[in-house]
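Here is a short briefing to read alongside the sequence and the structure. Take a moment with both, and then follow the points below at your own pace.

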Amino acid sequence: TGGGCPHILAEPQRTNLIPYSSDFSSWTAAQSSVTLTSNAAISPEGLQNATQIVFSDNTQTQLFQYIAAVSGTVYTTSTFIKYKSGTDRNIKIGVYDSEFKVIQLNFNTDGTIASTSTSGTLVDSGYEDYGNGWYRAYIVHTGATTGNIEVQFNRVGLSNTNEQFYIYGSQLEVGSYPTSLIPTSGSTVTRNQDIFTRDGIGSLINSTEGVLFVEMAALSDDGTVRAIYISNGTTSNRLWLEFDSTSNRLETRYIAGGVTSANFFHTVTDITDFNKIAFKWKLNDFALWVNGTEVAIDTSGSVISADTLNKIEFNNQASTSVQNLFGKVRQLQVYKTALTDTQLAALT
């Protein structure tokens, strides 16, 4: 749920390179002023397995773990944080590999994030609100050296002592954006790529007219193609809706007998936000609707023969280059009739 409405989460294969994702007693405390208490709070997992970390003096204090890294490789480091108490209310999460690369979270007294700041050479950074005071902060960075990378929690001494936070679920993964937590307990763990496909459903799809509706968000605006396809397993008869390689752009296409009948492009504000999208097909009547507005039409084009389309999948396996949908899908519907403009406006 990610703290909100449930949705399908389709993610690529990733490996958590941190062998102890939540057992912070296996990390190294650089100073005796760093103290840990295991199972001190309810984590975003819903279990009492979050760790309390206390920085009890006003000097630079660290909790860290060494991980092997490769120069030039893009990594994402992430951790769940919840503020407990203290006057300064700041904590840094980051890495060190010839330079410090960190995101600093500055909390309000009510546990909400007041501001963030970063240092070092970063590709990206940010945080996500998981509810109940929990935030998942992340940084995207490029390995500077081949060897050990130091993943760390850090408080730079100011004027106050006894800063207290809850921590849970650290992850270091190769990639340009964070994926869901892969728990580890002594070794690295790999999560396989998510695959969604359904075939043998020709009775549920009308090849000659219909609507593909989806409410979805991309995991990242990273220049890759992420597609939802309806086909019969060939490239000659198919339709698709995808985030394409251009930033924040949607593409839809309908191909009948190897000939493109309609091909639409539309740029949205942010493909990582949920967008409601509907693609309509009918003889000489094709349209694309996004977030309540008709953004493209085509009044000339043939349609696929009846009873041809029988498969839907979160990729374009019918094509020579597979482009998987890595994103969040809150709704997906296929209609057997071409809906009216009023219906499409209401649907999207």
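Q62 sits in strand β6, which covers residues 61-69. In this predicted model, Q62 has a relative accessibility of 9% and so counts as buried, the cut-off for that class being under 20%. Beyond residues up to four places away in sequence, Q62 touches T28, A29, A30, Q31 and V34, and also F100, E150, Q152, F153 and N154.

**Around β8**

- Strand β8 spans residues 90-96 and is mostly covered, with 6 of its 7 residues buried.
- On one pairing, β8 runs antiparallel to strand β9 (residues 100-107), and 7 bridges link the two.
- Within that pair, I93 faces I103 of β9.
- The two strands β8 and β9 make a hairpin with 3 residues between them.
- In the turn of this hairpin, S98 has a positive phi of about 95 degrees.
- For comparison with that value, most residues other than glycine have a negative phi.
- Strand β8 also pairs with strand β13 (residues 147-155), again in the antiparallel sense, through 5 bridges.
- Here Y96 is placed opposite E150 of β13, and E150 is also among the residues that Q62 touches.

**The sheet that runs from β4 to β11**

- This open sheet has 6 strands in the order β4-β5-β14-β7-β12-β11, and the pairing is antiparallel.
- Its edges are β4 (34-41) and β11 (124-131); each has a single partner strand, so one side of each is left without a neighbour in the sheet.
- On average, and with direction ignored, neighbouring strands in this sheet are turned by 30 degrees against each other.
- Inside the sheet, β7 (residues 74-85) and β12 (residues 134-142) are antiparallel and share 8 bridges.
- The bridge partner of Y75 in β12 is H141.
- As background for reading the two faces, side chains in a regular strand alternate between the two faces of the sheet.

**The sheet that runs from β16 to β21**

- Another open sheet of 6 strands follows the order β16-β25-β18-β19-β20-β21, with antiparallel pairing.
- Edge positions go to β16 (197-199) and β21 (259-267), and each of these pairs on one side only.
- Neighbouring strands here are turned by 5 degrees against each other on average, direction ignored.
- Strands β18 (residues 226-231) and β19 (residues 238-243) run antiparallel and are joined by 6 bridges.
- One position to look up in this pair is S231, which stands opposite R238 of β19.

**Loop residues with positive phi**

- N291 is a residue other than glycine with a positive phi, near 50 degrees.
- You will find N291 in the loop that links β23 (286-290) and β24 (293-298).
- N291 has a relative accessible area of 40%, so N291 counts as partly exposed.
- D307 likewise is not a glycine, and its phi is positive, near 60 degrees.
- The loop that holds D307 lies between β24 and β25 (311-313).
- With a relative accessible area of 71%, D307 is exposed, as the cut-off for exposed is over 50%.

**A long-range link at V189**

- V189 belongs to strand β15, residues 189-191.
- Its relative accessibility is 29%, and V189 therefore counts as partly exposed.
- V189 and R14 are 175 residues apart along the chain, yet their C-alpha atoms are separated by 8.5 Å.
- Apart from neighbours within four places in sequence, V189 is in contact with R14, T15 and N16, along with I182, P183 and T184.

**The chain as a whole**

- The protein chain has 26 strands and 1 helix.
- Along the principal axes, its C-alpha atoms fill a box of roughly 75 × 40 × 35 Å.
- Of the 348 residues in the chain, 47% are buried.
- Among contacts between residues at least 6 apart in sequence, 68% join residues at least 24 apart.
- The chain exposes about 14,500 Å², and carbon and sulfur atoms supply 45% of that area.
- There are 21 positive and 31 negative charges, and the mean positions of the two sets are 2 Å apart.

Definitions and conventions
Residues are numbered from 1 along each chain as its sequence is written. This is a predicted model: local features need pLDDT of at least 70, side-chain atom pairs count only at pLDDT 80 or more; totals for chains, interfaces and linings use all residues. Side-chain values use heavy atoms; hydrogens and water are left out. Two strands pair if DSSP finds at least two bridges between them. Helices (H or I, at least four residues) and strands (E, at least two) are DSSP runs, numbered from the N terminus. Axes are lines fitted to C-alpha atoms, for helices over the stretch in contact, and angles run from 0 to 180 degrees between N-to-C directions. Buried means under 20% relative accessible area, exposed over 50%, partly exposed in between (1.4 Å probe, protein chains only). Contact means heavy atoms within 4.5 Å. Accessible areas come from the Shrake-Rupley method with a 1.4 Å probe; for residues, only the protein chains shown count as cover. Lys and Arg count as positive and Asp and Glu as negative; His and the chain ends are not counted. The place of a charge is taken as NZ of Lys, CZ of Arg, CG of Asp or CD of Glu.
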